[in-house]
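Welcome! Here is a short guided tour for anyone meeting this structure for the first time. Have a look at the model, then read on.

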Amino acid sequence: MDKPLTLLNHIAPSFPVPTLHLHDQVQTLDQKLTINGPSKLSGHVHISGSKNSSLAILAATLCCSGTTKLRDVPNLSDTRAMGSILSSLSAEVEVSGDEVLINADGVSCVEPCRDRVKEIRGGFFVIGPLLARFGEAAVALPGGCDIGSRPVDLFMRGLRALGAIVELRDGKVEARVRNGRRLVAGKFRLDYPSVGATETLMMAACLADGVTILSNVAKEPEVIDLAHFLNNSGAHIEGAGSSKIRILGQSQLHGTECTITPDRIEAGTFLLAAAITRSCINISPVFPSHISSLVHKLQTAGCRIRRSGRDSLEVSAVCENGDRVFRGFNVTTSPFPGFPTDLQPQTMALLTTCNGLSRVEESVFERRMTHVQELQKLGARIDLSGSRALIYGKEKASCFLFPSALVGSELTAMDLRGGAALVLAGLAAEGRTEISAAGHIYRGYEDIDRKLAGLGADIQISSSTASVLA
Ligand code: UD1
């Protein structure tokens, strides 16, 4: 463990954060996206690096001595916030395009900027590496999209199992190693395969004394991405991607180079964009195994999806002879490899344009249905009861006409993925759709307006609130 820092003497500097290093442009929440539909899309779209992998790996760089170089880090408000969180700990963060260099050797406090941590769920993940490397940490309860209560009990119990004293005080979690030296390995079974808790405990266990066994862990591709990164930094992690992970703790990790995996949620959103507009597009890079649950559902609906290269997919939802009808389907979200909760709202947008009755059940987050009332403003017929929605699809009889019966309207993005669902619905709707609070969408989609415009959509971001310098 590096020289311990004394929590009380090393609280975060008062803000504004000293330097915002991670990318130099910021989208603001009050942006408006205007879409004139219906759209037909064609061509190729490039998929950016994964937001969620980037957030976890940026946090994990705190475990490493020396400099780490990350490639394909997307320019998003969430990754910028994570950059500011690292800066607030006095880590050096330098950005050049989509490459980020981080050196955490100069970390001089263990309490990151509270305001920044409150902006993103991933900000809380730094508690694991800070505690493991410096022996203590104090991290505010996290923020992120308002989609449910999002507790941190699994993080707290897991860190206790690794030999930490962990307390919740004044809206922040304070933790320190019980033996005054370093974390000790332990066995911990998660009650639920939480992605964030799995990642945080993995980072902590990498620097703990002995062999840690984590069971009932998350199997998401981002967990595997993080394990690859940590192993390249000198960690010994086995089993990432399965429900049990074994970690042999090391005394230190070193800096390395890493390319972030493509964003499977962005990839899925573009497949859905092609489907809802009955278009044909190519996407790359993408790992098809990361989005197989969505691909299977889209094929059920009537889309043709095929590999068009080593890491590319072609989705064809074009109605060539007027007799192809898109069928509705049922979806229940669940942890990977189940249907991703982060694609539920966008999938519901598609289902409003498919024939027949579809059911959507959200089982991961308790309040992830705020897009329903916005979709209804476009004319969608959806009955909502708690976390279950019945969608009465409205595909028009002839595919030579445009398939959707949605009509443009003024909408508000309530959260990131719900906002993306409104963009998809706006692409399919007749007429003008205006989406306010579009900044939510830029938390997770790099250049979404430019990417869709490149495919032929008529979409603009309002000039009055366009990108501003940080
Ligand atoms: C991550 C992703 C998010 C995705 C989610 C599920 C990041 C930055 N975000 O979020 O995009 O939607 O996985 O795939 O990677 N829970 C507890 N106690 C805890 C932790 C979680 O009860 O201590 C519950 C949550 O309330 C939720 C469920 O577990 O109901 C899943 O949450 P979790 O997997 O932790 O999601 P995040 O890591 O926050």
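A residue counts as buried under 20% relative accessible area, as exposed over 50%, and as partly exposed in between. Keep in mind as you read that this is a predicted model.

**Two residues to start with**

Let us put those cut-offs to use. Is His254 buried, partly exposed or exposed? His254 has 41% relative accessibility, so it counts as partly exposed. You will find His254 in strand β15, which covers residues 253–254. Leu230 is 24 residues away from His254 along the chain, and the C-alpha atoms of the two are 9.1 Å apart.

Glu111 makes a good contrast. Its relative accessibility is 11%, which means that Glu111 counts as buried. Glu111 belongs to the loop that runs between β7 (99–103) and α3 (114–119). Its side chain forms a polar contact of 3.2 Å with the side chain of Lys172.

**A covered strand and its partners**

Next, find strand β19, made of residues 312–316. How many of its residues are buried? The count is 5 of 5, so far as burial goes, and the strand is described as mostly covered. Ser312, Glu314 and Ser316 point one way from β19, while Leu313 and Val315 point the other way.

Strand β19 pairs with strand β18 (residues 304–309) in the antiparallel sense, over 5 bridges. In this pairing, Arg307 stands opposite Leu313. The link from β18 to β19 is a hairpin of 2 residues. Strand β17 (residues 280–284) also runs antiparallel to β19, and 4 bridges join the two. Here Cys280 is the residue opposite Ser316.

**A covered helix**

Helix α10 spans residues 344–351 and is mostly covered, with 8 of its 8 residues buried. Among the buried residues are Gln344, Pro345, Thr347 and Met348, as well as Leu350 and Leu351. A general point helps when you look at a helix: an α-helix has 3.6 residues a turn, so residues three or four places apart point the same way.

**Around the ligand**

Now turn to the ligand. Where does it lie? Domain 1 (31–47 + 262–463) and domain 2 (51–259) both give residues to the shell around the ligand, so it lies between them. The ligand is surrounded by 18 residues, and the closest are Asp153, Ser194, Gly196, Asp342 and Val364. Sorted by class, this shell holds 9 nonpolar, 4 polar and 5 charged residues.

Which helices supply at least two residues each of this shell? They are α1 (51–60), α5 (153–161) and α6 (195–206). Helix α5 gives the most, with 3 residues.

The table lists three places where an oxygen atom of the ligand meets the protein.

| Residue | Protein partner | Distance to a ligand oxygen atom |
|---|---|---|
| Asn52 | N or O atom in the side chain | 3.0 Å |
| Pro151 | polar backbone atom | 3.2 Å |
| Val364 | polar backbone atom | 2.6 Å |

On its own, the ligand has 740 Å² of accessible area, and the protein covers 88% of that.

Note on methods:
Residues numbered from 1 in each chain as written. Predicted model: local features only at pLDDT ≥ 70, side-chain atom pairs only at ≥ 80, totals over all residues. Heavy atoms only, no water. Buried < 20%, exposed > 50% of the residue type's maximum accessible area, 1.4 Å probe, protein only. Pairing = 2+ DSSP bridges. Polar contact = N/O pair within 3.5 Å; in protein donor to acceptor, adjacent residues only side chain to side chain. Near = heavy atom within 4 Å. Areas by Shrake-Rupley, 256 points an atom, 1.4 Å probe, with all protein chains shown as cover. Nonpolar A, V, L, I, M, F, W, Y, C, P; charged D, E, K, R; others polar. Domains from an automatic or database assignment.
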